[in-house]
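These notebook entries record what I looked up in one structure, topic by topic.

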Amino acid sequence: MLKESQDEEFYSSTDEDSCLFLSSYKLYRASCPFQVTCLVSTKDFLTGDKVEVSQVVGLDASILLFKVEGSYYPHYCFHHYPPNHFVITRLR
C-alpha cells in the first residue's frame with residue numbers, strides 16, 4: 001500500500017517536458033524549452049550551434065530524444081550547460 005502511494009506521488013509530480021541533469025555540484029531540472037549546444041554535426045546543425053529543445057521523449061531507460069525545430073535527435077548529440085546565476089551583493 002505504501003509503495004503504491006509513493007509511486008503515485010512520484011508520477012503525479014513528473015514533468016514530461018523536462019530533463020534532469022547532473023552537474024559537478026548538484027542535480028537540476030531543465031524544463032522545456034531549454035537551450036543545448038550541439039556536440040556533433042547533424043544534417044540541420046553544426047557542432048557548437050546553440051539550439052532550443054521543445055520536448056523530451058524517452059524511448060527506454062537509456063535513450064532520450066530531444067525535439068529540436070520539429071525533428072527528434074538523440075540526447076548524446078547535445079550538451080546542456082547549467083545556468084549561471086551569479087549574484088553580486090554589497091556592490092558600491
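**Entry 1. Terms and overall layout**

I began with a term: a strand is a DSSP run of E with at least two residues, and strands are numbered from the N terminus. By that numbering, I placed Leu 27 in strand β2, which covers residues 27-31. I noted at the outset that the model is predicted.

I then looked up the elements of the protein and found one helix and seven strands. Read from the N terminus, their order is α-β-β-β-β-β-β-β. The protein has 92 residues, and 23% of them count as buried. Its exposed area is about 7,500 Å², of which carbon and sulfur atoms supply 54%. I also looked up contacts between residues at least 6 apart in sequence: 32% of these join residues at least 24 apart.

**Entry 2. A nonpolar patch on the surface**

I returned to Leu 27 and looked up its exposure. Leu 27 has a relative accessible area of 56%, and it is exposed because the cut-off for that word is over 50%. Leu 27 belongs to a nonpolar patch on the surface together with Leu 20 and Leu 22. The accessible area of these three residues together is about 350 Å².

**Entry 3. The cysteines**

How many disulfides does the structure hold? I found zero. As background, a disulfide is a covalent bond between the sulfur atoms of two cysteines. For Cys 38, the nearest cysteine sulfur is that of Cys 77, at 8.1 Å, and Cys 38 is in no disulfide. Cys 77 is likewise in no disulfide, and its nearest cysteine sulfur is that of Cys 38. The reason lies in the cut-off: a disulfide requires two cysteine sulfur atoms within 2.5 Å.

Are these cysteines buried or exposed? Cys 38 counts as buried, at 2% relative accessibility. Cys 77 also counts as buried, at 9%.

**Entry 4. The aromatic rings**

I next looked up aromatic pairs, and the structure holds four. A pair of aromatic rings is described by the distance of the centres and the angle of the planes.

One of the pairs is Phe 34 with Phe 66: the centres are 5.7 Å apart, the planes are at 90°, and the pair is edge-to-face. Phe 34 lies in strand β3 (residues 34-38) and Phe 66 in strand β5 (residues 64-68), so this pair ties together parts that are 32 residues apart in sequence. Both of these residues, Phe 34 and Phe 66, are buried.

Another pair is Phe 45 with Tyr 73. Why is this pair called edge-to-face? The planes of Phe 45 and Tyr 73 stand at 65°, with the ring centres 5.6 Å apart, and planes over 60 degrees apart count as edge-to-face. Phe 45 is in the loop between β3 and β4, whereas Tyr 73 is in strand β6 (residues 71-74), and the pair thereby links distant parts of the chain, 28 residues apart. Phe 45 and Tyr 73 are both buried.

I also recorded that ring pairs link Phe 34, Phe 45, Phe 66, Tyr 73 and Phe 78 into a cluster.

**Entry 5. Two buried residues and their contacts**

I looked up Val 53, which is in strand β4. Val 53 is buried, since its relative accessible area is 0%. Leaving aside neighbours within four places in sequence, Val 53 is in contact with several residues, including Phe 34 and Phe 66 from the ring cluster. Cys 32 and Pro 33 are also among its contacts. The C-alpha atoms of Val 53 and Tyr 73 are separated by 9.9 Å, and these residues are 20 apart along the chain.

His 80 is found in the segment after β7. At 10% relative accessibility, His 80 counts as buried. Its contacts, again without neighbours within four places in sequence, include Phe 21, Tyr 28 and Phe 34.

**Entry 6. Two points of the backbone**

Which peptide bond did I record as cis? It is the bond from Cys 32 to Pro 33, with omega near -5°. Pro 33 is found in the loop between β2 and β3.

Finally, I looked up Glu 69, in the loop between β5 and β6. Its phi is near 50°, a positive value in a residue other than glycine. Glu 69 is exposed, with a relative accessible area of 66%.

Methods:
Residues are numbered from 1 along each chain as its sequence is written. This is a predicted model: local features need pLDDT of at least 70, side-chain atom pairs count only at pLDDT 80 or more; totals for chains, interfaces and linings use all residues. Side-chain values use heavy atoms; hydrogens and water are left out. Buried means under 20% relative accessible area, exposed over 50%, partly exposed in between (1.4 Å probe, protein chains only). Rings of Phe, Tyr and Trp (its six-membered ring) pair if their centres lie within 6.5 Å; planes under 30 degrees apart count as stacked, over 60 as edge-to-face and the rest as tilted. Helices (H or I, at least four residues) and strands (E, at least two) are DSSP runs, numbered from the N terminus. Patches are made of residues with over 30% relative accessible area and no salt bridge: like charges are joined within 9 Å, nonpolar side chains (Val, Leu, Ile, Met, Phe, Trp, Tyr) within 5 Å. Accessible areas come from the Shrake-Rupley method with a 1.4 Å probe; for residues, only the protein chains shown count as cover. A salt bridge is a side-chain nitrogen of Lys or Arg within 4 Å of a carboxyl oxygen of Asp or Glu. Contact means heavy atoms within 4.5 Å.
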